[in-house]
Amino acid sequence: MKLKELIKNIKVKKFINEKDVEIQGISYNSKTIQHGDIFVCLKGEHTDGHEFAKMAAENGAAALYCEKELDIDVPQVIVESTRHQIADLAAAFYNYPSRKIKLIGVTGTNGKTTVTHLIQRIVEDAQHKCALIGTLGYKLSGKDTYHDAKHTTPQAPELQKTLEMICEQNIDYVAMEVSSHALEQNRVGGCDFDGAVFTNLTQDHLDYHITMNNYFEAKALLFRGLKKGGFAVINNDDDYAQRFKSVVPEGVKIYTYGIKKTADITASHIDFSIHGASFECNIKGKTGKVNLQMNGMFSVYNALAALTAGIAMGFDADICVKALEETKSVDGRFEIVSKQPLVIVDYAHTPDGLENVLKAARELTPKDARLVCMFGCGGDRDATKRPKMGKIADENADIVVVTSDNPRSEDPQLIISDILAGIKTVNTQKVFVESDRRTAISMLKNIAKQNDVVVLAGKGHEDYQILKDKTIHFDDREEARKVFC
């Protein structure tokens, strides 16, 4: 694509060295740039891409996309913010692929991964092709394998390239997790969303957003940007429900779901067993039984969110319910890896997520048995949630094992100290501390009795652990199977 064609719909402050060069691709890494790429000078937390522009030009960059004029003899497109306008560039380069598909965005603190998987199952059971993009990577159809992704929502060039590939596969729908970071950084700029689903909003990522209001405003961007004729699915039980409704544009239809409050689609008479959750579902006056293979109240909410999205997309209610009933749990989401004792691995890494998982596990804990919780907190992330999670574990579990998660650059012992600050219990027979996660899981063999329930929280599907100086292979499910199976 010619440079002038590429930038014709972009708000450009200045165009220097106006050669209409051919652009072969988009890159923001000077080391891996390909000949003919346009190099985007991104400003990050620790580096500034403008400092690497010369290297990029020497390595074959045909043009620069930057925020200031540089002393480099290649065409330079000057914009206000490369971070926020890289999405415009990427969408234009890949010819706006989201306009050719039905794109459904799912956002919220918890439940995004499960809800997108349930939506995919509903769409495919309704005889349409549906791709997934999210925490586990992306996959082009229900039978396809995951392709790795570095972020819940990829950076704009990777995202637009993936959407283009999806279009080439003649796939009709895409269910995509949309993180607050991606919204605030405009990674999804240039995407036309046909629908948006809100799961819940509880404390997370305050190391980045600072306040809950900022966190809300980031999430709200997805709903503010919905196109006319689209739909918004909102959890009516959430404290932020009314605020999300208030930002939905005119011409976008709102659908609600819930358990506690009146909504378009509701669940009642909820029951839990080792086989899953069951409930009476009311869809605009029509009631029927739903039997999930997934467990916990959060799974009921996730199912309602996906079901409501399916109804909003115009699919038959019976097809939607059958799809939900036939779906097994998503990898690392309340995943049972052993039955004696019952060992559950879950991704819960927020106060709300941990509380939900422990309450769900308590429903499965026999009266004469104990609920054991092992968890840690990530380093270089919101530290204020650590004592809160300690308090939740202390109040909801009979035995707590505090360990390491992904400590990153922080000292694991200091993270553990932050967690312990929220634990009132001083009984050494209830609270155990072991900073090495592998050793902590091994300890559970001697702590948990045969009829106890054990929750390994925090890492879920992750098969790695991020340490200060390296990333190692580590999978809670593998380690638990070694110990209990």
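Which crossing does α15 make as it passes α16: left-handed or right-handed? Here are a few notes on that and on the cores, bearing in mind that this is a predicted model.

1. To take the question straight away, the crossing of α15 past α16 is right-handed. Helix α15 covers residues 437-447 and helix α16 covers residues 476-484; their axes come within 9 Å and cross at roughly 35°.

2. If you want to find this contact on your screen, start from the α15 side with Arg437, Arg438, Ile441, Ser442, Leu444 and Lys445. Their partners in α16 are Asp476, Glu479, Ala480, Val483 and Phe484. Sorted by class, the contact of α15 with α16 is made of five nonpolar, five charged and one polar residue.

3. Thr439 is also part of helix α15. With a relative accessible area of 34%, Thr439 counts as partly exposed, because that value falls between the 20% limit for buried and the 50% limit for exposed. Between Thr439 and Glu479 there are 9.5 Å in space, C-alpha to C-alpha, although they stand 40 residues apart in sequence.

4. Turning to the interior, the largest nonpolar core holds 43 residues, and Ile119, Val197, Leu307 and Met313 have the most contacts inside it. Helix α10 (residues 297-312) supplies the largest share of this core, ten residues.

5. Met313 deserves a click of its own. Leaving aside residues up to four places away in sequence, Met313 touches Ile104, Ile119, Val123, Tyr173 and Phe231.

6. Another core, of 35 residues, lies apart from the largest one; Leu222, Leu226, Ile234 and Val252 are among its members.

Technical notes. Residues are numbered from 1 along each chain as its sequence is written. This is a predicted model: local features need pLDDT of at least 70, side-chain atom pairs count only at pLDDT 80 or more; totals for chains, interfaces and linings use all residues. Side-chain values use heavy atoms; hydrogens and water are left out. Axes are lines fitted to C-alpha atoms, for helices over the stretch in contact, and angles run from 0 to 180 degrees between N-to-C directions. Helices (H or I, at least four residues) and strands (E, at least two) are DSSP runs, numbered from the N terminus. A crossing is left-handed if the near helix is turned anticlockwise from the far one by less than a right angle, and right-handed if clockwise. Contact means heavy atoms within 4.5 Å. Ala, Val, Leu, Ile, Met, Phe, Trp, Tyr, Cys and Pro count as nonpolar, Asp, Glu, Lys and Arg as charged, and the others, Gly among them, as polar. Buried means under 20% relative accessible area, exposed over 50%, partly exposed in between (1.4 Å probe, protein chains only). A nonpolar core is a set of buried Ala, Val, Leu, Ile, Met, Phe, Trp, Tyr and Cys residues joined through side-chain atoms within 4.5 Å.
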